[in-house]
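Here is a short set of exercises to work through with the model open beside you. Try each task before you read its solution.

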Amino acid sequence: MDGEISGNDIETGGSGSSDGGAPDGGAVERYTPEGFPEHLLGDDDHGTIDRLFTAYSGARERLAQAGDVPKDVAGYVYQPNETLAPFFADENDPVLASAKQAALKTGITGQQFQSFIDETFTELVGSGQIEAPYDPARELKNLGTYLDTKDPREIEKIATDNEAFVKNLAAQMELPEPVAGFMASLTDLAGGNVILHRLSGLLQERGISLGAEGETGKVAAISEDELRALDADERIDPASPKFDPALRKKYDEAYRKLYG
């Protein structure tokens, strides 16, 4: 009868469709906020909610595993692996301190910080792109290897003599401070100590000794036994291809002092 409401109309909420369709029987348009990820959209709102819940659950688990961002840099604790242990033995290492500041600023969690440092430096160190940190004990050991000695007293004496030698040499050469500082830095390294040791020995062979810091180098005195040994040395013979003018001068001066 005209104007009457049927039971079917009451159950479906009027003339709409019972399956949630549009009043005219068409499909319901999904609600999609601007920028909403396409891969999270379902066939309908229920499907979208299901996908969102699954994604949220996974993200929540990952965040729980990663931990929280520390309140300050003191919250970052780094345990170096075997490769990086020599580089980060000091908790106050400036590189590590800088990395902690950057991690705090960018919101990296404590667990992420550990992985970040490992992934950043392990490969660089392993491939030799980052040199090992300075180790005085290792340099002294290498010095002994280069000079074919294992006597710690001899190695220590060589290193100590080199320190005096390089100071005197820099003073007599009147080197400016930055250059003198560079010369002095050679005594920190095994290779530098070898060079200085050999140079000092070469100068002594040529009869040149370095006095105290600031003094002019002097020709070293030669003993009577050394003079006799030089008598047959080709280096004092002007006709020899091995002639050494400096050694000849030393020989002549020593001969005059000993025999007049």
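**Exercise 1. Decide whether Glu139 is buried or exposed, and find its salt-bridge partner.**

Solution. Start with accessibility in this predicted model: Glu139 has a relative accessible area of 14%. Buried means under 20%, so Glu139 counts as buried. Next, look for a basic partner: the side chains of Glu139 and Arg138 meet in a salt bridge, with N and O 4.0 Å apart. Finally, check that partner: Arg138 is partly exposed, at 31% relative accessibility.

**Exercise 2. Work out how helix H5 is oriented: which residues are buried, and what do they pack against?**

Solution. First list the buried residues of H5, which spans residues 136-146: they are Glu139, Leu143 and Gly144. Now look down the axis of H5: these buried residues fall within an arc of 140°, so they line one face of the helix. Turn to the other side of H5, and you find Ala137, Lys141 and Thr145 exposed. Then ask what the buried residues meet: they pack against helix H6 (152-172) and helix H8 (190-205).

Now inspect the ends. At the start of H5, the backbone nitrogen of Ala137 has a side-chain oxygen of Asp135 within 3.1 Å. Just after H5 comes Asp148, with a positive phi of about 55°.

**Exercise 3. Find where Asp148 and Glu174 lie, and say what is unusual about their backbone.**

Solution. Begin with the general expectation: most residues other than glycine have a negative phi. Asp148 is not a glycine, yet its phi is positive, about 55°. Glu174, also not a glycine, has a positive phi of about 55°. Next, place them: Asp148 sits in the loop between H5 and H6, and Glu174 in the loop between H6 and helix H7 (177-185). Last, check the surface: Asp148 is exposed, at 72% relative accessible area, and Glu174 is exposed too, at 69%.

**Exercise 4. Examine a loop aspartate, Asp244: is this residue buried or exposed, and what does it touch?**

Solution. Locate Asp244 in the loop between helix H9 (224-230) and helix H10 (245-259). Its relative accessible area is 10%, so Asp244 is buried. Now look for contacts, leaving out residues up to four places away in sequence: Asp244 touches Arg206 and Arg235.

**Exercise 5. Describe two further salt bridges, one of them within H10.**

Solution. Take the pair in helix H10: Arg248 and Asp252 are four residues apart, about one turn of the helix. Their side chains meet in a salt bridge at 3.0 Å, N to O. Arg248 is partly exposed at 26% relative accessibility, and Asp252 is partly exposed at 25%. Then turn to Asp151 and Arg153, whose closest N and O atoms are 3.6 Å apart in another salt bridge. Here Asp151 is partly exposed, at 29%, while Arg153 is exposed, at 68%. The full count is five salt bridges.

**Exercise 6. Identify the residues that touch the most other members of the largest nonpolar core, and the elements that supply two or more of its residues.**

Solution. The core has 13 residues, and those touching the most other members are Tyr78, Leu84, Phe88, Phe113 and Ile117. Helices H3 (94-106) and H4 (110-126) are the elements that give two or more residues to this core. H4 contributes the largest share, four residues. Apart from this core lies another, of seven residues, including Phe165, Met183, Leu186 and Leu203.

Note on methods
Residues are numbered from 1 along each chain as its sequence is written. This is a predicted model: local features need pLDDT of at least 70, side-chain atom pairs count only at pLDDT 80 or more; totals for chains, interfaces and linings use all residues. Side-chain values use heavy atoms; hydrogens and water are left out. Buried means under 20% relative accessible area, exposed over 50%, partly exposed in between (1.4 Å probe, protein chains only). The arc is that of the directions from the helix axis to the C-beta atoms. Contact means heavy atoms within 4.5 Å. A polar contact is a pair of N or O atoms within 3.5 Å; within protein, one must be able to donate a hydrogen and the other to accept it, and residues adjacent in sequence count only if both atoms are side-chain atoms. A nonpolar core is a set of buried Ala, Val, Leu, Ile, Met, Phe, Trp, Tyr and Cys residues joined through side-chain atoms within 4.5 Å.
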